[in-house]
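Work through the exercises below with the sequence and the model open. Try each task before reading its solution.

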Amino acid sequence: MEKLRLGIVGLGHRGREMFSMAAKVFDDLEAVAACDLNPALWFETARGRSEPLAQSMPGVKFYEDYRQMLGEAKPDVVLVETPANCHAEFCAAALSAGVHVYSDIPTVNSIEEAQMLWDIHLKSNALIMTGATTLGWGFVLAMQDFHRQGMLGKPFYLEAEYIHDIRCLWGETPWRKTYLPIRYCTHSLGPLLSIMDEDLREVSCLNTGSHVTDFKGANDLMTAHFRTKSDVVARLTVSFVNNAGCGCHSYRVFGTEGYFEHLSARGAQGEKTFVNSNKLCGMDKLTELPVGFTPSEVEKMQQASPHAAFGHGGAETYLWNSFIRAIRSGAKTTSIPLKESLRMTLPGIYAAESAADGGNIKTIHYPWDNRTT
Ligand SMILES: NC(=O)c1ccc[n+]([C@@H]2O[C@H](COP(=O)([O-])OP(=O)(O)OC[C@H]3O[C@@H](n4cnc5c(N)ncnc54)[C@H](O)[C@@H]3O)[C@@H](O)[C@H]2O)c1
């Protein structure tokens, strides 16, 4: 079977890592083209590498212009790894050219971009997959399984926290200095929405602004409450400037039949996952689950190939595997299609609007709503 020709746009730290690892781990992929505005990232030794990518991936042609790359290299699949506020235009150009897309998060940066990409994806035969990393973690898959088996009942209150001090990245990626943290909500809302059957419909959000540093444009922490039509409430706190020093991601799910929580690491105490359920004999007490970041599917791949796990404990291996399977099987959609991506992304955009308006409640709209206004 012919390999899928892989291209990338955006050769920052993340893009370099994802491109080289995906091409290395999956025999189905053949890296053929790479694009960045900055050629030094291809031809010179960049952070995290022992030699330039031009040297370690000699079969790949480098481009400074994305559309030229799409037109000349004719990739089957494109990986979008540009800064967080500009993914949609690259996804849209690929879909319009019939090229499958694996996009990093968040897929869109505005309500208008969401509508534009939605319309284009409806007309395209190519697939779009969102690289929503946290949906490839072992403990998230365990939570989904408990939910699917009815052990949690109906989730009625959910929480997520993403606490990550990223000041060390301000120099290399200046866009992170002013990026509103609540917009980076995919990592947190993704797992919660994966066990919710309704979209988030209202939000109220507050922003602390800048306290920790002298940089007045910083937004240290933002916290939002979301609500669905049936009064399911989700709370999300995202902070990219703080002195917490704890692990990054925590989640709690309060269900009508059970409870799930994943607490990030605290000092010497590693991350922990707990669950209880009224539905299973002996599980009514909070019980620690022996699950971590790496999904069991990827652990099996590691037995055959020790370097198979890449991207936050093997989450990206898991997601790429499912994306490649979707393409190869001729599926009409991916495991994280655009609709799921927008469900996890648009609430953060409306939350930012709420914060700018002093926390007033905003109604959240999606491209699939039937609206006349
Ligand atoms: N899923 C995760 O866990 C995770 C982790 C880290 C970063 N990310 C995401 O990955 C993406 C990349 O992050 P990063 O830290 O590597 O950022 P970065 O700013 O270092 O890299 C982005 C690259 O895109 C290039 N670029 C911008 N506009 C371009 C254009 N028009 N044409 C070609 N190249 C262009 C820039 O020159 C830069 O090299 C971001 O969206 C970020 O949110 C996701």
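**Exercise 1. Sort the residues of the shell around the ligand into nonpolar, polar and charged.**

Solution. Start with the classes: Ala, Val, Leu, Ile, Met, Phe, Trp, Tyr, Cys and Pro count as nonpolar, Asp, Glu, Lys and Arg as charged, and the others, Gly among them, as polar. The shell then divides into 11 nonpolar, nine polar and five charged residues. A residue is near the ligand if one of its heavy atoms lies within 4 Å of it. Of the 25 residues around the ligand, those that come nearest are Asp36, His87, Thr133, Trp175 and Tyr184.

The model is predicted, so local features need pLDDT of at least 70 and side-chain atom pairs count only at pLDDT 80 or more, while totals for chains, interfaces and linings use all residues. Residues are numbered from 1 along each chain as its sequence is written, and side-chain values use heavy atoms, with hydrogens and water left out.

**Exercise 2. Find side chains with an N or O atom close to an oxygen atom of the ligand, and state how much of the ligand the protein covers.**

Solution. Use the cut-off for a polar contact: a pair of N or O atoms within 3.5 Å; within protein, one must be able to donate a hydrogen and the other to accept it, and residues adjacent in sequence count only if both atoms are side-chain atoms.

- Tyr184: a side-chain N or O atom is 2.9 Å from an oxygen atom of the ligand.
- Glu81: a polar side-chain atom lies 3.1 Å from a ligand oxygen.
- His312: the distance from a side-chain N or O atom to a ligand oxygen is 3.2 Å.

Next, take the area. On its own the ligand has 850 Å² of accessible area, and the protein covers 85% of this. Accessible areas come from the Shrake-Rupley method with a 1.4 Å probe; for residues, only the protein chains shown count as cover.

**Exercise 3. Explain why the ligand is said to lie between two domains.**

Solution. Take the bounds first: domain 1 is 4-132 + 302-336 and domain 2 is 135-292 + 347-363, as given by an automatic or database domain assignment. Both domains give residues to the shell, so the ligand lies between them.

**Exercise 4. Which backbone angles are notable at Pro106, Asp231 and His312?**

Solution. Begin with the usual case: most residues other than glycine have a negative phi, and most peptide bonds are trans. The bond from Ile105 to Pro106 is cis, with omega near -15 degrees. Pro106 sits in the loop between β5 (100-103) and α6 (111-123); helices (H or I, at least four residues) and strands (E, at least two) are DSSP runs, numbered from the N terminus.

Asp231 has a positive phi, near 65 degrees, and belongs to the loop between β9 (221-227) and β10 (233-239). His312 also has a positive phi, about 50 degrees, in the loop between α10 (296-304) and α11 (315-328).

**Exercise 5. Are Asp231, Arg235 and Thr134 buried or exposed?**

Solution. Buried means under 20% relative accessible area, exposed over 50%, and partly exposed in between (1.4 Å probe, protein chains only). Asp231, at 52%, is exposed. Arg235, in strand β10, has 18% and is buried; its side chain makes a polar contact of 2.9 Å with that of Thr237. Thr134, in the loop between β6 (128-130) and α7 (138-148), has 0% and counts as buried. Of the 373 residues of the chain, 54% are buried.
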